[in-house]
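Biologist: I am new to this structure and would like to go through it step by step. Could you show it to me before I ask anything?

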There are 2 protein chains.
Amino acid sequence: MDRRQRKTREAIFKAFTELLSEKNIGQITVGEIIERADVGRATFYAHFETKDYLQKELCEELFCHVFDSVSDSPHCHRHIFDCNAPDSIYLHLFRHLEKNDNNILDLLSCENNDIFMHYFKSGLAKLISSQPDTYENSGLQGLPDDFRINHIASTFVETVRWWVENKMQQLPEEITGYFMIAINAKGAAE
Amino acid sequence: MDRRQRKTREAIFKAFTELLSEKNIGQITVGEIIERADVGRATFYAHFETKDYLQKELCEELFCHVFDSVSDSPHCHRHIFDCNAPDSIYLHLFRHLEKNDNNILDLLSCENNDIFMHYFKSGLAKLISSQPDTYENSGLQGLPDDFRINHIASTFVETVRWWVENKMQQLPEEITGYFMIAINAKGAAE
DNA sequence: TCGTTACAGAACATGTTGTTCTGTAAAAAT
DNA sequence: ATTTTTACAGAACAACATGTTCTGTAACGA
């Protein structure tokens with residue numbers, strides 16, 4: 001990819017991310033984005049069809065990176081509900097978030113973060129459902145599979161939201177513990 | 001309140017609700033609303049400062065009604081986790097939703113329903129936290145109170161979302177059962 | 001060096017927002 | 001029954017946002 005293209009693209013992403021941490025997405029105008037990115041108007045539209053597509057591509061870039069880093073790790077084959085494993089994928093994800101890789105927290109903590117949470121959640125759901133042995137050890141028998149996957153993903157997202165809103169005062173290990181109790185993972189609470 | 005005012009207000013609410021069930025809120029313009037409500041432009045702005053305020057007032061009108069109907073019922077003093085009580089407040093809520101009171105489902109099932117879900121969730125959280133004996137019987141010991149309340153409210157909202165997306169094929173009793181298992185209510189799964 | 005590509009900047013048509021006017025009819029007060 | 005008040009429709013309006021189209025320029029790749 002052309003260096004000029006790359007720089008423009010990154011400048012737009014950066015400006016957009018900054019603005020997102022400051023205000024609601026509906027209040028952000030293309031004019032503001034290009035002003036902060038120091039980019040021409042026509043240039044913006046050469047890269048992104050609309051503001052929504054910009055957001056979409058930003059989400060994909062961000063979350064794909066996070067989830068790939070989990071899937072590619074060797075421990076992804078461990079038992080998903082083994083909360084005692086120090087490298088469970090959930091702990092891994094919480095640690096990623098704590099380090100604020102890619103400034104992802106700026107997006108999740110801003111007021112209008114629902115769409116980002118949606119992307120986060122659907123990526124999570126895919127990850128969870130691809131995991132073997134996902135169900136047996138949870139205390140969630142009797143629920144339809146998709147209900148259970150949705151519930152686990154939602155609970156993770158809500159846990160992240162709570163964590164971020166409370167200024168992340170818990171360690172990744174602690175918050176993983178909360179999550180495990182919430183989804184009623186066997187061996188989590190006793 | 002003046003009859004004219006009431007009629008105008010209701011016409012706007014109705015038009016807005018219809019449009020919300022058809023498209024994303026960001027794509028709905030004031031022009032469309034007043035056209036469908038058959039109301040003058042200045043009249044709209046005499047009633048609602050902006051589109052966001054319209055949405056806010058719609059939410060309050062809708063959810064306050066639902067939650068009030070729960071709080072005012074005599075069974076609201078029963079034990080919240082007694083899932084054997086056929087009139088648990090959760091079952092009561094699911095039944096309300098099934099009847100589609102106030103066309104609330106049109107809002108919860110449309111694509112951009114996040115803000116409505118937010119209102120729904122915060123109303124729920126208030127209801128849950130006002131409930132005595134909310135915690136003792138759940139399998140969620142070891143969690144901070146606000147985490148637990150948030151988790152229960154989120155799980156309810158996500159259960160509703162799942163139910164609606166799956167065309168509400170389950171009976172209110174069944175979906176209440178799912179919810180009780182998900183929040184690990186004692187006596188729900190065994 | 002030369003053709004290609006990405007860019008800035010401006011100008012533009014289009015559509016949306018929120019305000020302000022005029023005249024009219026319904027409601028409330030006398 | 002009358003006056004006064006209030007809510008309304010309709011139109012016109014300025015301010016702003018969107019997305020497109022032009023020109024000229026500089027960076028890139030062959």
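Biologist: Which element gives the largest share of the surface near DNA strand C?

Modeller: This is a predicted model, in which local features need pLDDT of at least 70, side-chain atom pairs count only at pLDDT 80 or more, and totals for chains, interfaces and linings use all residues. Residues are numbered from 1 along each chain as its sequence is written, while chains are lettered from A and ligands numbered from 1 in the order in which they are written. A residue is near a strand if its C-beta atom, placed from the backbone, lies within 6 Å of it, and helices are DSSP runs (H or I, at least four residues) numbered from the N terminus. With four residues, the largest share of the surface near DNA strand C comes from α3(A).

Biologist: How many residues surround DNA strand C?

Modeller: Both chains appear among the closest residues, which are A:T8, A:G40, A:T43, B:T29 and B:A42. The elements giving two or more residues to this surface are α1 (3–22) and α3 (41–47) of chain A, together with α1 (3–22), α2 (30–37) and α3 (41–47) of chain B. The number of residues that surround DNA strand C is 21.

Biologist: How many residues does chain A bring to the contact with chain B, and which helix supplies the largest share of them?

Modeller: Two residues are in contact if their C-beta atoms, placed from the backbone, lie within 7 Å, and by this rule the contact takes 19 residues from chain A and 19 residues from chain B. On the side of chain A, α8 (145–165) and α9 (172–182) each supply at least two residues. The largest share there, seven residues, comes from α8(A).

Biologist: Which residues of helix α5 of chain A are buried?

Modeller: A residue is buried if 20 or more other C-beta atoms, placed from the backbone, lie within 10 Å of its own. The cover over the buried residues of α5(A) includes α4 (51–71), α6 (104–109), α8 and α9 of chain A. In this helix, which runs over residues 89–99, the buried ones are A:I89, A:Y90, A:L91, A:H92, A:L93, A:F94 and A:L97.

Biologist: Why is a span of 30 Å expected for helix α8 of chain B?

Modeller: The expected span of a helix is 1.5 Å times one less than its number of residues. Helix α8 of chain B (residues 145–165) has 21 residues, and so should span 30 Å, which agrees with its end C-alpha atoms being apart by 30 Å.

Technical notes
Buried ≥ 20, exposed ≤ 12 C-beta atoms within 10 Å, placed from the backbone.
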